[in-house]
Amino acid sequence: MRDAEFTEFVQDASPSLLRAALVLLSSREDAEDALQVTLLRTYRRWDRAREAPKAYARTALVNACRERWRHRDRHPEVSQDMDELANVVSFAEAVDRRHVLVRMLRQLPDIQREVLVCRYLLDATVAETATTLDVAEGTVKSAASRGLEQLRQLQDDEEKRGCRVHPR
């Protein structure tokens, strides 16, 4: 029963958790590692996590991403710039827009990016986001507001430079 429930949860939640990790981290490898850590931690604590598995996994994912940031700070490595990778392959227009959005999100302060990812990619409520990030609900609301405003400004700047952000 436990394994079947967990398997169903993994199939349901993994895509959105991976998308969130991709936004929070700079590479697909790091995002996949963070997802695996998240799923492992959730499985180990399934008896407790099964009551609210998405909330538990969101918190575990944010913590795994934070751990990855700290690890990178302590062990810097040479990484390829996302813009260089984008020049190697010609992506479809939808992927280009997503790339621009992710790049803009990465320009935000950590708390704003984390709040926007939880609220809008993981569909968490204000209360769930506050619990996940261990901050006050007011902090979630103000970080979301400021983050969205900063994204609008960055979007305007991108459009002025000729980068398309909106679909046709």
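## Exercises on an all-helix chain

In this predicted model, the largest nonpolar core has 41 residues, and Phe9, Leu17, Leu61 and Cys65 touch the most other members.

**Exercise 1. Find out which helices supply at least two residues each to this core, and which gives the largest share.**

Step 1. Go along the chain and list the helices: α1 (2–24), α2 (28–44), α3 (46–49), α4 (53–74), α6 (93–106), α7 (110–121), α8 (126–133) and α9 (137–160) each put in at least two residues.

Step 2. Now look for the top supplier: α1 provides nine residues, the largest share.

Step 3. Zoom in on one core member. Leaving out residues up to four places away in sequence, Cys65 touches Ala21, Leu24, Leu25 and Ala34.

**Exercise 2. Work out how α1 and α2 are arranged: roughly parallel or roughly antiparallel?**

Step 1. Pick your numbers. Two packed helices are described by the angle between their axes and the distance between those axes.

Step 2. Read them off: the angle between α1 and α2 is about 150°, and their axes are 10 Å apart.

Step 3. Compare with the cut-off. Angles over 145 degrees count as roughly antiparallel, so α1 is roughly antiparallel to α2.

Step 4. Add the handedness: α1 passes α2 in a right-handed crossing.

Step 5. See who meets whom. On the α1 side, the residues include Phe6, Phe9, Val10, Leu17 and Ala21. Across from them, the α2 residues include Ala31, Leu35, Leu39 and Tyr43.

**Exercise 3. Decide where the buried residues of α8 sit around its axis.**

Step 1. Name them: Val126, Thr129, Ala130, Thr132 and Leu133 are the buried residues of α8.

Step 2. Check the arc. These residues cover only 165° around the axis, so they lie on the same side of α8.

Step 3. Recall the helix rule: there are 3.6 residues a turn in an α-helix, so residues three or four places apart point the same way.

Step 4. Step just past the end of α8, and you meet Asp134 with a positive phi of about 60°.

**Exercise 4. Is Gln112 buried or exposed, and what does this residue touch?**

Step 1. Locate the residue: Gln112 is in helix α7.

Step 2. Use the cut-off. Buried means under 20% relative accessible area; Gln112 has 9%, so this residue is buried.

Step 3. List its contacts, again skipping residues up to four places away in sequence: Gln112 touches Ala143, Arg146, Gly147 and Gln150.

**Exercise 5. Sum up the whole chain.**

Step 1. Count the elements: nine helices and zero strands.

Step 2. Then take burial: 37% of the 168 residues are buried.

How values were computed
Residues numbered from 1 in each chain as written. Predicted model: local features only at pLDDT ≥ 70, side-chain atom pairs only at ≥ 80, totals over all residues. Heavy atoms only, no water. Core = buried A, V, L, I, M, F, W, Y, C linked by side-chain atoms within 4.5 Å. Buried < 20%, exposed > 50% of the residue type's maximum accessible area, 1.4 Å probe, protein only. Helix = DSSP H or I, 4+ residues; strand = E, 2+ residues; numbered from the N terminus. Contact = heavy atoms within 4.5 Å. Arc of directions from axis to C-beta. Axes fitted to C-alpha atoms, helices over the stretch in contact; angles between N-to-C directions. Parallel < 35°, antiparallel > 145°, perpendicular 65-115°, else oblique. Left-handed = near helix turned anticlockwise from the far one by under 90°.
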